[in-house]
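Subject: Structure handover

Hello,

Here is the structure you asked to look at. Please open it next to this email; the findings follow below.

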Amino acid sequence: MEVNTKPYDLVVIGGGPIGMACAIAAQRKGLNYLLIEKGALVNSLYNYPLYMTFFSTAERLEIGEVPFTCIAPKPGRQEALEYYRNIQRKFMLNIHLYERVLSVQKQDNGQFKVTSEKDVYAAANVVIATGFYDIPMYINVPGENLPKVHHYYKEAHEYAFKKVLVVGANNSAVDAALECWHKGAEVTMVIRKGEINDRVKYWIKPDIENRIKEGSIKAYFYSEVAAISEKQVTITTPDGTVTVENDFVLALTGYRPDLDFLKSCGIAISEGINCTPQYNPETMETNVNGLYLAGVVCGGLETHKWFIENSRVHAHMIIDDIMSRQGLKQP
């Protein structure tokens, strides 16, 4: 495919809250921009569990200086979706939904060639704000590809009155374990470390710890899943190998950014366990001139480092840098 439009000042990849914030900042500065999202608006939030409650309060999820009103102390998924839909109604951002970006290539003329499933675009600058929710952290054991194994959790109803094994001890795993137990499931947890993660929501952590202590939810600490079969799961524990009857496995061990995509764009990734992409923390520009990162994707495998509330500033940092370096006039 050939580029069929004049170059954009900016193409933003990822239509989540931070990508939208970048588009708002670009729009306010009069830049010719395009926002591209592979799925629905704020697609990652859309794919969160139906009844998830955010750790952050509503005002910390705000973008574009638009108030996020919420009756509850902390908003849930439905309220967040409504808020970001209202953001789109207000700003009418130039966004293409359900259009996956396949590649970003720096051309000899200094511009970027952005190729999607549907078109090809030229851009002077590109922001990647794709988050980290696309690729699960697989446990890599026999049977993980069985239909009974799920790496994403939506709601508890389908697991009611069944034997459910939850792998992990972070927020997603704890939420799922408690919700499934409340709906009548027999819940077992497999936890690699010796305790529930300290980053679990402070109003949830005592609940799961009490359920484990009283025996309502069985937990194997310092343990790992060794194999999964149609009717059983084999667990390696400090006391030896244990086999439990099982109907469903929720392998909620976390998610990671698409590092291969970042590498294909020319972004340097650090060696070691964190796989941190290279960028200037003052401008968010990567080692590729004109190519920026924003939001959670900046943390590599440290997905707990960046959130909506502390990465909203990336939008203004990036747009200010583009305006100053490209010699563009302020509106």
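An axis here is a line fitted to C-alpha atoms, for helices over the stretch in contact, and angles run from 0 to 180 degrees between N-to-C directions. Two packed helices are described by the angle between their axes and the distance between the axes. Please keep in mind that this is a predicted model.

Helices 4 and 5

Helix 4 (residues 171-182) packs with helix 5 (residues 205-214) at an angle of about 55°, and their axes are 10 Å apart. Angles of 65 to 115 degrees count as roughly perpendicular and those under 35 degrees as roughly parallel, and helix 4 and helix 5 are therefore oblique to each other. Their crossing is left-handed. On the side of helix 4, the residues that meet helix 5 are Val-174, Ala-177, Leu-178, Trp-181 and His-182. Helix 5 brings Asp-207, Ile-208, Arg-211 and Glu-214 to this contact. Sorted by class, the contact of helix 4 with helix 5 has five nonpolar, one polar and three charged residues.

Helix 4 also holds Asp-175. Is Asp-175 buried or exposed? The cut-off for buried is under 20% relative accessible area. Asp-175 has a relative accessible area of 14%, so Asp-175 is buried. If its neighbours within four places in sequence are left aside, Asp-175 is in contact with Lys-201 and Ile-204.

Helices 1 and 8

A second helix pair is formed by helix 1 (residues 17-28) and helix 8 (residues 313-325), whose axes come within 8 Å and cross at roughly 40°. Helix 1 and helix 8 are therefore oblique to each other. The crossing of helix 1 with helix 8 is right-handed. Which residues make the contact? From helix 1 they are Ala-21, Cys-22, Ala-25 and Ala-26, and from helix 8 they are Ala-315, His-316, Ile-318 and Ile-319. By class, the contact of helix 1 with helix 8 has seven nonpolar residues, one polar residue and no charged residues.

Strands

Strands of a sheet pair through backbone hydrogen bonds, either parallel or antiparallel. One open sheet here has three strands in the order 4-5-6, and the pairing is antiparallel. Its edge strands are strand 4 (101-106) and strand 6 (120-123), each of which pairs on one side only. From one strand to the next, the twist averages 20°. Strand 4 is joined to strand 5 (residues 112-116) by five bridges. To find one of these pairings, start at Val-104, whose bridge partner in strand 5 is Val-114.

Elsewhere, strand 14 (residues 232-237) and strand 15 (residues 240-245) pair in the antiparallel sense over six bridges. A hairpin of two residues joins strand 14 to strand 15. Ile-235 has Val-242 in strand 15 as its bridge partner.

Two loop residues

Val-42 has a positive phi of about 40°, although Val-42 is not a glycine. Where does Val-42 lie? Val-42 is in the loop between strand 2 (33-36) and helix 2 (43-46). With a relative accessible area of 2%, Val-42 is buried.

Met-284, which is not a glycine either, has a positive phi near 70°. The loop that holds Met-284 runs between helix 6 (259-264) and strand 18 (291-293). Met-284 counts as buried, at 2% relative accessibility.

Regards

Technical notes
Residues are numbered from 1 along each chain as its sequence is written. This is a predicted model: local features need pLDDT of at least 70, side-chain atom pairs count only at pLDDT 80 or more; totals for chains, interfaces and linings use all residues. Side-chain values use heavy atoms; hydrogens and water are left out. Helices (H or I, at least four residues) and strands (E, at least two) are DSSP runs, numbered from the N terminus. Angles under 35 degrees count as roughly parallel, over 145 as roughly antiparallel, 65 to 115 as roughly perpendicular and the rest as oblique. A crossing is left-handed if the near helix is turned anticlockwise from the far one by less than a right angle, and right-handed if clockwise. Contact means heavy atoms within 4.5 Å. Ala, Val, Leu, Ile, Met, Phe, Trp, Tyr, Cys and Pro count as nonpolar, Asp, Glu, Lys and Arg as charged, and the others, Gly among them, as polar. Two strands pair if DSSP finds at least two bridges between them. Buried means under 20% relative accessible area, exposed over 50%, partly exposed in between (1.4 Å probe, protein chains only).
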